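The following explanation leads through the fold of a single protein chain. The reader is invited to keep the sequence and the coordinates in view throughout.

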Amino acid sequence: HATHALQAGMDMLQALRSLDAAFEARGWPKLQIGVGINTGDMTVGNMGSEFRRAYTVLGDAVNLGSRLESLTKEYGVYFIVSEATRAAGPKDWAYRELDFVKVKGKNEPVAIYEPLGPKDQIDAGLRDDLIRHRAAMKLYRSQQWDQAEIELFNLSRSGRPHKIYEIFMARIASLRAN
């Protein structure tokens, strides 16, 4: 199911981008969506009473997926998945580590990732960026902020900028100040 969910999310985003030209020709703004996916136990089916029913899904795993969707704006991405989905999904996909977040209703932080698709379908420059990004995150978490900041700055100037680099450079500046 995680593989199907990841592919469905990618297909949704691709379908959305296919509408861009038609919307632009009409003077309409681009549609923007966020996709959040989590994997875990949940209850699925008809819920309610004999008077009012709804086919729905309930549970902590569903709530986390919803929270991930709302984080897409904050991280400047269209798609966020949890560590559970990443682990259950296809092993040949590339992901950009975004952060550890503590969402409402959870006591422990959750690792979140931006799925990028099958590794063999991403270009060499992005693959290199992902290696450098992982190294920068390792430096950041070991509080080697000078080296992490240099790597994040260089990544932000690589021709493939990403909001995550700016987020962590701002955090480093805040940690230094405080």
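How far apart are the mean positions of the positive and negative charges of the chain? In this predicted model, the mean position of the 24 positive charges and that of the 22 negative charges are 2 Å apart.

The overall dimensions may be considered next. Taken along the principal axes, the box filled by the C-alpha atoms of the chain is roughly 60 × 45 × 30 Å. The chain has 178 residues, and buried residues make up 37% of them. About 10,900 Å² is exposed by the chain, and 53% of this area is supplied by carbon and sulfur atoms. Among contacts with a separation of 6 or more, 58% are accounted for by residues 24 or more positions apart.

The secondary structure comprises seven helices and six strands. Read from the N terminus, the order of elements is α-α-β-β-β-α-β-α-β-β-α-α-α.

Four of the strands form an open sheet with mixed pairing, in the order β1-β4-β6-β5. The edges are occupied by β1 (35-37) and β5 (93-101); each has a single partner strand, so one side of each is left without a neighbour in the sheet. On average, neighbouring strands of this sheet are turned by 30° against each other, direction ignored. Strands of a sheet pair through backbone hydrogen bonds, and the sense may be parallel or antiparallel.

The pairing of β5 with β6 (residues 110-118) is antiparallel and extends over eight bridges. Two bridge partners help to locate the register: D99 is matched with I112 in β6, and Y95 is matched with P115 in β6. How much of β5 is covered? Eight of the nine residues of β5 are buried, and the strand is thus mostly covered. In a regular strand, side chains alternate between the two faces of the sheet.

Helix α1 (residues 2-18) packs on the sheet and touches β1, β4 (79-82), β5 and β6. The direction of α1 makes about 170° with that of β4. Residue L13 has its place in this helix. Is L13 buried or exposed? With a relative accessible area of 13%, L13 counts as buried, because the cut-off for that class is under 20%. When neighbours within four places in sequence are left aside, L13 is in contact with I33, V35, Y78 and F79. L13 and Q32 are 19 residues apart in sequence, and their C-alpha atoms are 9.0 Å apart in space.

A further pair of strands forms a hairpin: β2 and β3 have four residues between them. Strand β2 (residues 43-48) pairs with strand β3 (residues 53-58) in the antiparallel sense, over six bridges. Within this pairing, V57 in β3 is the bridge partner of V44.

Finally, attention turns to a loop position. Q144 lies in the loop between α5 (124-141) and α6 (145-156). The relative accessible area of Q144 is 34%, and this residue is therefore partly exposed. Q144 and A25 are 119 residues apart in sequence, and the distance between their C-alpha atoms is 49 Å.

Note on methods. Residues are numbered from 1 along each chain as its sequence is written. This is a predicted model: local features need pLDDT of at least 70, side-chain atom pairs count only at pLDDT 80 or more; totals for chains, interfaces and linings use all residues. Side-chain values use heavy atoms; hydrogens and water are left out. Two strands pair if DSSP finds at least two bridges between them. Buried means under 20% relative accessible area, exposed over 50%, partly exposed in between (1.4 Å probe, protein chains only). Contact means heavy atoms within 4.5 Å. Accessible areas come from the Shrake-Rupley method with a 1.4 Å probe; for residues, only the protein chains shown count as cover. Lys and Arg count as positive and Asp and Glu as negative; His and the chain ends are not counted. The place of a charge is taken as NZ of Lys, CZ of Arg, CG of Asp or CD of Glu. Axes are lines fitted to C-alpha atoms, for helices over the stretch in contact, and angles run from 0 to 180 degrees between N-to-C directions.
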